[in-house]
Amino acid sequence: YIKRFSNLYLLSRNKTTLPLSELRLSFDESLDYLRLKNKITSLRWDAAGPVDTAVGIGLYAAFEKILESCLASLSAVFVHLKEDEDAYDLAIYVESAAEISLLDEIHRLLPPGVGLSEESEDGMKVWTISFKKEVGA
């Protein structure tokens, strides 16, 4: 996580946008490490283009916070980024015995204007983060 976060930070220095392809690499590498720990993971990335730098950094920080908070009892993680006409939705599904709410903590990691929801049912927790597309994306 530290390596990927540092890489995203360096890529975003003095820039207003971050390529979603770089963010995808960060998520994918983190999920690779979880697979090495025998966790079930999946990544579906149905979007391309740039994202506001603060949003991109916030998304990866939120992902890290979710994993860190659930890691002790984590059995599976599924990440899905989908693109609508004028916005993106990033859904992070976690199967874990941890009964926690991270709404306040995640909100603090995201810039203003980014939507966040949290749902839980039968050991599955879902966080959905919604954010607008960059102009010209």
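**Reading strands, core and rings**

Q: In what sense do β4 and β5 pair, and over how many bridges?
A: Happy to start there. In this predicted model, β4 and β5 run antiparallel to each other and are paired over nine bridges. The connection between β4 and β5 is a hairpin of three residues. To find your place in the pairing, look for His80, which stands opposite Ala91 in β5.

Q: Which strand pairs with β5 over nine bridges in the antiparallel sense, apart from the one we have just seen?
A: That is β7, which pairs with β5 in the antiparallel sense over nine bridges. A good place to look is Leu90, which stands opposite Ile129 in β7. Here is the general idea for reading side chains along such an element: in a regular strand they alternate between the two faces of the sheet.

Q: Is β5 largely enclosed or open, and why?
A: Count its buried residues, taking under 20% relative accessible area as the cut-off. In β5, eight of the 10 residues are buried, so the strand is largely enclosed by the rest of the structure. For the whole chain of 137 residues, 43% count as buried.

Q: How should I place these strands in the overall fold, and what pattern does the chain follow?
A: Begin with the inventory: the chain has four helices and seven strands. Read along the sequence, they give α-β-α-β-β-α-β-β-α-β-β. Then ask how far apart in sequence the contacting residues are. Among contacts between residues at least 6 apart in sequence, 67% join residues at least 24 apart.

Q: Which residues have the most contacts inside the largest nonpolar core?
A: They are Phe27, Phe63, Val79, Leu90, Ile129 and Phe131, in a core of 34 residues. Next, see where the core residues come from: α2 (20-36), β2 (40-46), α3 (53-70), β4 (74-83), β5 (87-96) and β7 (124-132) each give two or more. The largest share, eight residues, belongs to α3. Val79 is a good residue to explore, and leaving aside residues up to four places away in sequence, its contacts include Phe27, Leu31, Phe63, Leu90 and Ile92.

Q: What should I check in a helix such as α2, and which of its residues are buried?
A: Compare its span with the expected one. With 17 residues, α2 reaches 25 Å from its first C-alpha to its last, close to the 24 Å expected at 1.5 Å a residue. Its buried residues are Leu20, Leu23, Ser26, Phe27, Glu29, Ser30, Leu31 and Leu34. After the helix comes Asn38, whose phi is positive, near 65°.

Q: How many aromatic pairs does a search of the whole structure find?
A: The search finds six. As a rule, a pair of aromatic rings is described by the distance of the centres and the angle of the planes. Try Phe27 and Trp45: their ring centres are 5.5 Å apart and their planes at 50°, so this pair is tilted. It links distant parts of the chain, with Phe27 in helix α2 and Trp45 in strand β2, 18 residues apart. Phe27 is buried at a relative accessible area of 0%, and Trp45 is buried at 12%.

Q: What kind of pair do Phe27 and Tyr60 form?
A: An edge-to-face one, with 5.6 Å centre to centre and 75° between the planes. This pair joins helix α2, which holds Phe27, to helix α3, which holds Tyr60, across 33 residues. Both Phe27 and Tyr60 are buried. Together, Phe27, Trp45, Tyr60 and Phe63 form one aromatic cluster.

Q: Which charged end sits over the ring of Tyr88?
A: That of Lys133, at 5.7 Å from the ring centre.

Terms used. Residues numbered from 1 in each chain as written. Predicted model: local features only at pLDDT ≥ 70, side-chain atom pairs only at ≥ 80, totals over all residues. Heavy atoms only, no water. Core = buried A, V, L, I, M, F, W, Y, C linked by side-chain atoms within 4.5 Å. Buried < 20%, exposed > 50% of the residue type's maximum accessible area, 1.4 Å probe, protein only. Contact = heavy atoms within 4.5 Å. Expected span 1.5 Å × (residues − 1). Phe/Tyr/Trp six-rings, centres within 6.5 Å; stacked < 30°, edge-to-face > 60°. Lys NZ or Arg CZ within 6 Å of the ring centre and 35° of its normal. Pairing = 2+ DSSP bridges.
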